[in-house]
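Reader: I should like to learn how to read the features of a protein model. Could you please guide me through one example?

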Amino acid sequence: MCEFYGFIGCGNMGAPLARAAAKTLSGGQMMLANRTPSKAEALAEELGCLVGENTDVARQAGTIFLGVKPQMMADMLRGIAPVLAARTDRFVLVTMAAGLTIARIREMAGGDYPVIRIMPNTPASIGEGMILYAAEGVTEEELERFLYTMAAAGRFDALPENLIDAGSAVSGCGPAFVYPFIEALADGAVACGLPRAKAQEYAAQTLVGAAKLVLESGQHPGALKDAVCSPGGSTIAGVRALEQGGFRSAATEAVIAAYEKTKALGKQ
């Protein structure tokens, strides 16, 4: 399989993944295509790589990223299916469409092709993504090379495909749940007299540090929470206020709602 990466779709997820790949690949090993050509052209100029049509990517790339929305996937694959069918060399499709299984992607593409299904999140744009993946028909060597090439996007974790939707409801949708929390923490600090810029910085860095402590210590979040809550202290008073507001229940329901919507998207 040729070491040539093609990206169909240069949007909120396609572009960060292309930037990550560009840290390993040369410009001549990458091609970008997008429904709005100017978007692909601007990103290609930034990365020093090639620009083409969807069919060019489908014809030339050994690894083909399908970076379009679930509801657009069928039409896009219908357009490149004849090109894929005509190929005699090996290639791998990489899908990041929420709710669409590997089996569904193969059905839409018109062939039993090797497929890597990934679910990235927006922090991949700064190399701190949480990217879930499952693969079928892909050799161990191909998968290792893919993970090596895309390592700059962040943390990759293999997951059985039947759990991908559940995982993405946390990691894929989760940033949108975290940002209002950061904003709310900052609002509280502003209400207490802190300047807005400092309030936002403190809130954001607190989440970064707390998250790293969970990952690196291996301790249960509840134990880490208890370690900060002195008896009769300020922190436990704040935790009590969160509980009174239904904070944990709301966070749980947000993940479940995102999961149910993702499953619904896969049935369209």
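Author: The turns below go from the whole protein to a pocket, a helix and single residues. Please keep in mind that this is a predicted model.

Reader: How many helices and strands does the secondary structure of the protein come to?

Author: There are 12 helices and eight strands. The C-alpha trace spans about 70 × 35 × 30 Å along its principal axes. Of the 268 residues in the protein, 39% are buried.

Reader: What share of the contacts in the protein with a separation of 6 or more joins residues 24 or more positions apart?

Author: Such pairs account for 63% of those contacts.

Reader: How does one find a pocket, and which residues lie nearest the centre of the second largest pocket?

Author: The general idea is that a probe the size of a water molecule, rolled over the atoms, shows where empty space is left. In this structure, the second largest pocket holds about 940 Å³ of space. Its lining consists of 34 residues, and Asn-12, Met-13, Gly-67, Val-68 and Lys-69 lie nearest its centre. Helix α4, residues 70-86, gives the most to this lining, with seven residues.

Reader: Let us turn to helices. Why is helix α7 described as largely enclosed by the rest of the structure?

Author: In general, an α-helix has 3.6 residues a turn, so residues three or four places apart point the same way. As for helix α7 (residues 164-171), six of its eight residues are buried, so the helix is largely enclosed by the rest of the structure. These buried residues are Ile-164, Asp-165, Gly-167, Ser-168, Ala-169 and Ser-171. They pack against the strands β6 (115-119) and β7 (129-136) and the helices α8 (174-191) and α12 (247-265).

Reader: Is Ser-171 of that helix buried or exposed?

Author: A residue counts as buried when its relative accessible area is under 20%. Ser-171 has a relative accessible area of 10%, and therefore it is buried. Leaving aside neighbours within four places in sequence, Ser-171 is in contact with Asn-121, Met-130 and Leu-132.

Reader: Why does Phe-177 count as partly exposed?

Author: The class of partly exposed residues lies between the buried cut-off of under 20% and the exposed cut-off of over 50%. Phe-177, which has its place in helix α8, counts as partly exposed because its relative accessibility is 34%.

Reader: Which residues does Phe-177 touch, not counting those up to four places away in sequence?

Author: Phe-177 touches Ala-169, Ala-254, Val-255 and Ala-258. Moreover, Phe-177 and Ala-251 are 74 residues apart in sequence, while their C-alpha atoms are 7.7 Å apart in space.

Methods: Residues numbered from 1 in each chain as written. Predicted model: local features only at pLDDT ≥ 70, side-chain atom pairs only at ≥ 80, totals over all residues. Heavy atoms only, no water. Helix = DSSP H or I, 4+ residues; strand = E, 2+ residues; numbered from the N terminus. Buried < 20%, exposed > 50% of the residue type's maximum accessible area, 1.4 Å probe, protein only. Contact = heavy atoms within 4.5 Å. 1 Å grid on protein atoms, 1.4 Å probe; cavity = no way out; pocket = protein on both sides within 12 Å on 5 of 7 lines; lining within 4 Å. Points joined across faces, edges and corners; volume = space filled by probe spheres on them.
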